[in-house]
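Biologist: I am new to this structure and would be grateful for a close look at a single part. Please take one helix and follow the contacts and salt bridges that lead away from that part.

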Amino acid sequence: MKDGEEYEISDISCQLTLGILSLKNSLNWASFPKLAVPNTEIKPLYDVVVIGSGYGGSIAASRCARAGQSVCVLERGKEWRPGDFPEHSAGVFKEFQLTVGGEGRTHGKPNDLFDLFYTDDLTVVQGSGLGGTSLINANVSIDMEDAVFEDSAWPLALRNDKSDLINVDRKHFYDMIEPTPYPDDYPHLQKFDRMEDTLSKYDIEDLDKKILRRLDLYVSFEDKKPNQVGVPQPKCTGCGNCVGGCNVGAKNTLNMNYLPDAKAHGAELFTEVREAMSVMC
């Protein structure tokens, strides 16, 4: 390329190269703490025992630990830190477990990262690891309408608490997860152009404001040294490996916020817990 020549980053290989270089540079300063402790350190008595470390478990652990309770988190999967996730399909298949028809595991181990449950009328993909499905989801934030909680299908106690749920609990979550739209100064998304071209053929009012817009992402697009709970987070490199596991540390998975917050307030986290354990609470 000649000096001063302008170009647009649209080639996939170029984006990957930039991502790899940025990753190497970012990891020079980012050191990700290990959160889990050996299972031999599990105590016989806790105020709160949390089974699983996905969104429900991680938030419960953080809130209870902040309230001064002794908390134990039990997770069947492994602890995954940035740099640990498989980068190629061969590595993914080594971390893949499959259950068919509810008849028991037919492939893989219970601590493999990608957990697929399949029946004739239901298919579920979830993450098995410290942080649960947050490790492998697409980290897209779509807020719900307040009217959702007016449905009689919800328990009455929850519907009666709708004001706090929307105005207090949701704010707690958003402050911790920090959803952010894809920035204008990042490489342009050609997929967005194709969607716009397709939808522009129809007479849709406010297409560019309400229908076609960039959704918030649970991703950090700026370097944080550290983030709001003391964990270093390099900015997103645009590699596109969100659902395979973020090896950069930019994705706001639960091991970047709620879980280290719980640990900082005294919670004890245990992984690869395969057997039933007797813990008093």
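Modeller: What follows is an account of one helix and of the parts around it.

The model is predicted. The part chosen is helix H5, which covers residues 162-177 and so has 16 residues by the way helices are assigned here. From its first C-alpha to its last, H5 reaches 21 Å, close to the 22 Å expected at 1.5 Å a residue. The helix nevertheless has a kink of about 30°, and this kink is centred on Arg170. After H5 comes Glu178, whose phi is positive, near 55°.

Which residues of H5 are buried? They are Ile166, Arg170, Phe173, Met176 and Ile177. Arg170 thus appears both as the centre of the kink and among the buried residues of the helix. The cover over these buried residues includes helix H2 (55-66) and helix H8 (258-264).

The two covering helices are themselves joined by a salt bridge. Asp261 pairs with Arg66, and their closest N and O atoms are 2.8 Å apart. Asp261 belongs to helix H8 and Arg66 to helix H2, so this pair ties together parts that are 195 residues apart in sequence. Is each partner buried or exposed? Asp261 has 4% relative accessibility and counts as buried because the cut-off for burial is under 20%. Arg66, at 45% relative accessibility, counts as partly exposed. As a general point, side chains of opposite charge can pair when their charged atoms come close.

How many salt bridges does a search of the whole structure find? The search finds 13. Another of them joins Glu95 to Lys78, with the closest N and O atoms 2.7 Å apart. This pair links distant parts of the chain: Glu95 is in the loop between helix H3 (89-94) and strand E3 (96-100), while Lys78 is in the loop between strand E2 (71-74) and H3, 17 residues apart. Glu95 counts as buried, at 13% relative accessibility.

A further salt bridge is formed by the side chains of Asp184 and Arg214, at 2.8 Å from N to O. Asp184 lies in the loop between strand E8 (180-181) and helix H6 (190-199), and Arg214 in the loop between helix H7 (207-211) and E9, so the pair ties together parts that are 30 residues apart in sequence. Asp184 counts as exposed, at 71% relative accessibility, whereas Arg214 is partly exposed, with a relative accessible area of 30%. The account now returns to the chosen helix, for salt bridges that share partners join Asp143, Asp146 and Arg170 into one network.

A neighbouring stretch of sequence also deserves mention. Met144 lies in the loop between strand E7 (140-141) and helix H4 (156-160). With a relative accessible area of 34%, Met144 is partly exposed. Together with Val148 and Trp154, Met144 forms a nonpolar patch on the surface, and the three have about 230 Å² of accessible area together.

One last residue concerns the loop that leads to H8. Gly240 is found in the loop between strand E9 (216-217) and H8. Its relative accessible area is 59%, and Gly240 is therefore exposed. The C-alpha atoms of Gly240 and Ala138 are separated by 9.6 Å, although the two residues are 102 residues apart along the chain.

Definitions and conventions
Residues numbered from 1 in each chain as written. Predicted model: local features only at pLDDT ≥ 70, side-chain atom pairs only at ≥ 80, totals over all residues. Heavy atoms only, no water. Patch = residues over 30% accessible without salt bridge, like charges linked within 9 Å, V, L, I, M, F, W, Y side chains within 5 Å. Areas by Shrake-Rupley, 256 points an atom, 1.4 Å probe, with all protein chains shown as cover. Salt bridge = Lys/Arg side-chain N within 4 Å of Asp/Glu carboxyl O. Helix = DSSP H or I, 4+ residues; strand = E, 2+ residues; numbered from the N terminus. Buried < 20%, exposed > 50% of the residue type's maximum accessible area, 1.4 Å probe, protein only. Expected span 1.5 Å × (residues − 1). Bend = angle between axes of the 7 residues up to and from the residue. Contact = heavy atoms within 4.5 Å.
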